[in-house]
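Trainee: I'm new to this one. Could you walk me through how to read it, starting with empty space?

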Amino acid sequence: MGKNRLKIVLVLAALVLSVFYLYPTYRVITLSPEEREKMGEEKYAALRGKALRLGLDLQGGMHLVMEVDKSGLSEDEADDAIDRALEIIRNRVDQFGVSEPSIQKQGEDRIVVQLPGVQDAQQAKKLIGQTALLEFKLVRSAADFTETLRRIDEYLYLQSDASKEKKKTDETVADSSDSSAADDFLADEETAADEEAKTRLTSLLRFFRSGAQDQAWVPEESVAKVDSILNDPGVKGIMPFGTLFAWGRDPKDFQGQKMKALYLLNDRAEITGASISNARVQIGLDRNAPNAPGVSLTLTSEGSHEFARVTGDNVGRRLAIVLDGHVQSAPTIRGKIPRGNASITGGFEMDEAKILSIVLRAGALPASLKFVEERTVGPSLGRDSIRQGVRAAVMGVIAVAVFMLIYYKGAGVVANIGLFLNLVFLMAVMAGLKATLTLPGIAGIILTIGMAVDANVLIFERIREEIRNRKTVRASIESGYSRAFRTILDANITTLITAFVLLQFGTASVKGFAVTLSVGILSSMFCALIITRLIFDFLVDRFAVKKLSI
């Protein structure tokens, strides 16, 4: 056995490493709910991270395909938009704590994201698709707000049929000497006045305080109409320079009616999300809702300096915190804030506040994302896939093992030992490389079983030929392995090249198949050429076998 010492060391090392890498998977599978609770979520997560990873089709979760909208970007910006979006999405997903995500570029402008274990589609889309452009903008004064509304009302009236009808009525009344006709025209004028009122933007707005105000409220059923008016090119043309209207985040309940806030803001942002160094969830930031979660912000040193300047120069004014074009809150500046701390409130749920803090820390996306495909795989479907895949693999192994025993007798036992160790090594390598096992991957394992047996069949047939030529058992074994080696090598290298091509150019599911096939090829060659040869050599040397059961 001296000549096989290196092979023995290799096999023992492979076995030890296999146990080391597969033990976490064994523990995760066999862990009872009581043991898991006693272990704690942090330790369990660490153990789960070392275990064999399961793909979306086996574990359940979300599959999303997004398209990056480059229409509003310059040619410097558009070239690397998708790469920057990939990095930001990875940061968001990692901070959210999704285990074993898959985030890949597809083509020139698409990103494929797979989130195993995630079942809440809306939460996943908020986490990934939210642009998260954070801006601090000053709210314009009540006088500016009132004057802007007056301008819009005047423009809408001049563009309306009521204006034309009133002009016609005025001309007719001036020319008429008949008092009864004049009365009719006065009645028409009252009707025209009613129509004029309907054309006013202010007729759709609600104000809940007396005097001039710097914001208005719009009933939920009128939001679409008001939004259409504000987006009219003519209305935009009469807006004061450097201003824009912005909606509040969510409708509020006023006396049983849902209403949305409308603000007039400076177009230019005083500070942006680029100045944020940290964002975290915190309770009690909103004095009106002390138990509601919000997001506490810490600014960079440069951002803190700018924030101190803005708050110091605008005491008494309102500073709107705007996220993706919607006002989250608009607190009044009570004094200079020198420490660079701010907060975002607005009736968040805990999950919403958590996602918002994550996307703010990770940064804003360079462009908006459009969801072009969305698919949810339920955990029950994943369990069924695992059950069916494992059943198919076990049935395949049993069928092959029985065939080898019947056809090759004692040598079939050796082949089956190699087959079992082949599966052990394959799963261990998958776990060690942090590769993900998918349903197509299970198909690759089943194919590997067949290829492993094929190598043993080639070797055993060569050994049979040598025995028929009346060679000794040792000589037959040596010659059989030697003669079969090149054929096995050529066949496996060809298949390995094919697997690498699939790995490079295939889709996610095809890559899952290619990974297990590649690892399986190398593992099956190791077992067929090294392990089974060691077993034969051991039997011949230890028991001086004169006749081989083959």
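Mentor: Sure. Rolling a probe the size of a water molecule over the atoms shows where empty space is left. In this predicted model, the largest pocket has a volume of about 1,400 Å³.

Trainee: Which residues are the closest to the centre of that pocket?

Mentor: Those are Asp286, Ser329, Ala330, Pro331 and Thr345, out of 40 residues that line the largest pocket.

Trainee: And which strands and helix each supply at least two residues of the lining?

Mentor: Look for helix H13 (301–313) along with several strands: S6 (215–219), S8 (252–254), S9 (257–266), S13 (319–323), S14 (326–329) and S15 (341–344).

Trainee: What does the lining look like by class?

Mentor: The lining of the largest pocket has 17 nonpolar residues, 15 polar ones and eight charged ones.

Trainee: Let's zoom out. How many helices and strands does the protein have?

Mentor: Count 19 helices and 17 strands. With a radius of gyration of 37 Å, the protein is well over the 24 Å that the globule rule gives for 550 residues, so it is more spread out than a compact globule. Along the principal axes, its C-alpha atoms fill a box of roughly 135 × 55 × 45 Å.

Trainee: How much of the protein counts as buried?

Mentor: Of its 550 residues, 42% do, where buried means under 20% relative accessible area. As for the outside, the accessible surface comes to about 29,100 Å², and carbon and sulfur atoms account for 55% of that.

Trainee: What about contacts along the sequence?

Mentor: Take contacts between residues at least 6 apart in sequence: 72% of them join residues at least 24 apart.

Methods. Residues numbered from 1 in each chain as written. Predicted model: local features only at pLDDT ≥ 70, side-chain atom pairs only at ≥ 80, totals over all residues. Heavy atoms only, no water. 1 Å grid on protein atoms, 1.4 Å probe; cavity = no way out; pocket = protein on both sides within 12 Å on 5 of 7 lines; lining within 4 Å. Points joined across faces, edges and corners; volume = space filled by probe spheres on them. Helix = DSSP H or I, 4+ residues; strand = E, 2+ residues; numbered from the N terminus. Nonpolar A, V, L, I, M, F, W, Y, C, P; charged D, E, K, R; others polar. Rg over C-alpha atoms; globule rule 2.2 N^0.38 Å. Buried < 20%, exposed > 50% of the residue type's maximum accessible area, 1.4 Å probe, protein only. Contact = heavy atoms within 4.5 Å. Areas by Shrake-Rupley, 256 points an atom, 1.4 Å probe, with all protein chains shown as cover.
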